[in-house]
Amino acid sequence: MSRKAMNRLFAPILGLLISLCLLLSACSSAPPSELKEAGPSDTFYEIFVRAFADSNGDGIGDLNGITDKLDYVKSLGVDGIWLMPIQISPSYHGYDVTDYYSIHPDYGTLEDFKRLLDEAHKLDIRVIMDLVVNHTSSEHPWFVESAKDISNEYRDWYVWASDRGGAKPADGAVGPSPWHARGDDRYLGVFWEGMPDLNFDNPNVRKELIAIGKYWLTQGVDGFRLDAAKHIYGDFGSTINTPAVKDKNKVWWQEFRQGLNEVKPDAYLVGEVWDSTAVIGPYLDNALNSAFNFDLADRLLSIASQETAQDIGFSLSRAHEYFADMSDGKFKDAYFLTNHDKDRVMTKLQGNVDHARMAAAMLLTMPGTPFVYYGEELGMEGAKPDEHIREPFPWSKKPGTSTETTWIASRYRGDGSASVETLEELPDSLLNLYRKLISWRSSEPALRGGTIGSYENGNSSVASYTRTAGEEQLLVLHNLSGQEQTLTLQVTKAQPIAYTQLALSTKAGAKLNKEVLVLPPYTTVVLKP
C-alpha cells in the first residue's frame, strides 16, 4: 500500500541479528537435499484492476476486462492471479475499505466477479484477492460510529487514546507518530490518518474479519494476499518486535486460518510481512502458507545489475530449513522482483533489458511461489509516486485502443516498445522469455517444487544452484555477464553428482561437452545428471 515502502527501507536490527544467528546455526544442519519438501508451487500474476483492461470504455480497468483478457494471462503460463483490492474505497488504490462485502462499482458487480472466477477456474487459474484487515477507511461506517461517542457499540472496534489513558507510546512502527486527532480525541492509524487501525483485542472484530474471509471463500476465491500482516498488534517501534506482540500476531493468524478452514481448508494465504527471516517464520506455523521475501527481491536485482554471482542456494536453503521447521514442511516461500509498492524492475535496472532477463530467470527457477507484477513481463518502467508504478497496461504499441485504460496519464509508456502488440512479434522478447521460464516450471517437477542447494562453479560471473525434488536433481546456471563463459563442472566429494545433459537453455549456443560447459552471454541453462 502507499507510504509503506519508504518506511521499511531497513529491517529492524534485532530481526537481522536473529536471522544471522539462525543462518549461522543452520550451517551444521542437514544438507538441503534432506530438507522437507514444501510441495509444488504456483506462479501468480499480480493485477491492479484499475490499470489492466477496460471492458466498457470508461477508461477504468474492470473485472470484465480481466475476464476478457484471461487468454493472455493463460498464455503466460501462470497458475493464478492476485487481484489488488476490489472492494469499495474512497481511494484509487483501495487499501482503505468502506465495505468489506462489496465490489467497487468502478470494477463491476458481484456477478461480474463470479464470472471472472468461473472463467478463470475453467482455465485452471486460481484467484486470490487482497484482504486488508489491519485497518479500515476512516469513512467506514464502523469508524464513523466509533468516533461519535465513548458509549457507541463500535467504540472499541478501534484504538482511541482517551480509552487508554493517553496516546502512548507515540513511536510509530513505520515512521512518524501514528496518533491522529478526531475532535478532542486521538485514534491509532499507523499508515495514515485515513486508515484507522482496528482493535484486535476486541473479539467482535476478530469474529467479523473471519466472517469476511469466509464470505469471499464461499464466493469462489481461492485465498488471500493479507496486507500489513505483521501490524495486527503492536504498531509502535518500541513494541512491534517484542516476543509478546509477535506471539499475539501469530495467534491471530492461527485463529483466522482455523476460521477459514471451516469453509476451505486449502485456501492459500500469503502475507505481507516486510521483515527478516526470523520474524517471518512464526507466521508459517498453522497460519500463513507464505510470506513475501522482500530481502530476496532486492538481492536478485543487485546480482543482475552488478553481474556478480552470490551463493543464493546456500542462504535460501538455510532459511528454508528454518521455515520448514516452523511450518512442519508446509511453507511456500513467496518470491517477486517488484510489486505495487516498489519501483519497477526496468527503472531500477536503468533500462537494461539483459539485466531484466537475468533477474527474471533467477526468480522463475527457484523453489516456492513466484509472483510477477503486471507489466514486468513487458519491461514496463515506473517510479514513485505510487500512481506511476501502477500505470495503464500497454496492450498496443500506440495508446488509444478501447481496451487500454486511461485511469491516469502514463508517464513511462514511451514509444510503445514495451507493449503486448510489439513483444508478441519478437520470439526473443522479454515477454516470451517469461513464457519460456514459466513453462519450464510446469514441465520440470524439480523447478516447480522441491528444494534449493548451493553449487560452487568457480566463476564469479555465473550464478548457480541445485534444485531437488525426490529423485530428480537439476543444476541451474546463469551467465550474468555480456561475455561468453566456459566452466569445468567437476565432481567432488561436496558436489558428487555429474551433470551430463543440457536439458534447457534460454538461448541457442549453449554447449555441454562432458564436463565443459559453454554459456553465451546473458544465458540460463538447466542441466540434468
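**A tour of a helix pair, a sheet and a ring stack**

Helices α10 and α13 are oblique to each other, because their angle falls outside the ranges that count as roughly parallel, perpendicular or antiparallel. The model is a predicted one, and this helix pair is where the tour begins. Select residues 294-306 for α10 and residues 353-363 for α13, and you will have two helices that pack at an angle of about 140 degrees with their axes 9 Å apart. Looking along the pair, you can follow α10 as it passes α13 in a right-handed crossing. To see what makes the contact, show the side chains of L300, L301, I303, A304 and S305 on α10, together with H355, M358, A359, M362 and L363 on α13. Coloured by residue class, the residues of this contact divide into eight nonpolar and two polar, with no charged residue.

Next, turn to the sheet, which is open and has eight strands with parallel pairing, in the order β8-β7-β6-β3-β2-β1-β10-β9. Its edge strands are β8, at 290-291, and β9, at 334-336, each of which pairs on one side only. Within the sheet, select β2 (residues 80-83) and β3 (residues 126-131), which run parallel and are joined by four bridges; to pick out one bridge, select G80, whose partner in β3 is R126.

Finally, select Y92 and W407, one example to view given that the whole structure holds 39 aromatic pairs. Their ring centres are 5.1 Å apart and their planes lie at 15 degrees, so this pair is stacked. Y92 sits in the loop between β2 and α5, whereas W407 sits in the loop between β10 and α14, so that the pair links parts of the chain 315 residues apart.

Conventions
Residues numbered from 1 in each chain as written. Predicted model: local features only at pLDDT ≥ 70, side-chain atom pairs only at ≥ 80, totals over all residues. Heavy atoms only, no water. Pairing = 2+ DSSP bridges. Axes fitted to C-alpha atoms, helices over the stretch in contact; angles between N-to-C directions. Parallel < 35°, antiparallel > 145°, perpendicular 65-115°, else oblique. Left-handed = near helix turned anticlockwise from the far one by under 90°. Contact = heavy atoms within 4.5 Å. Nonpolar A, V, L, I, M, F, W, Y, C, P; charged D, E, K, R; others polar. Phe/Tyr/Trp six-rings, centres within 6.5 Å; stacked < 30°, edge-to-face > 60°.
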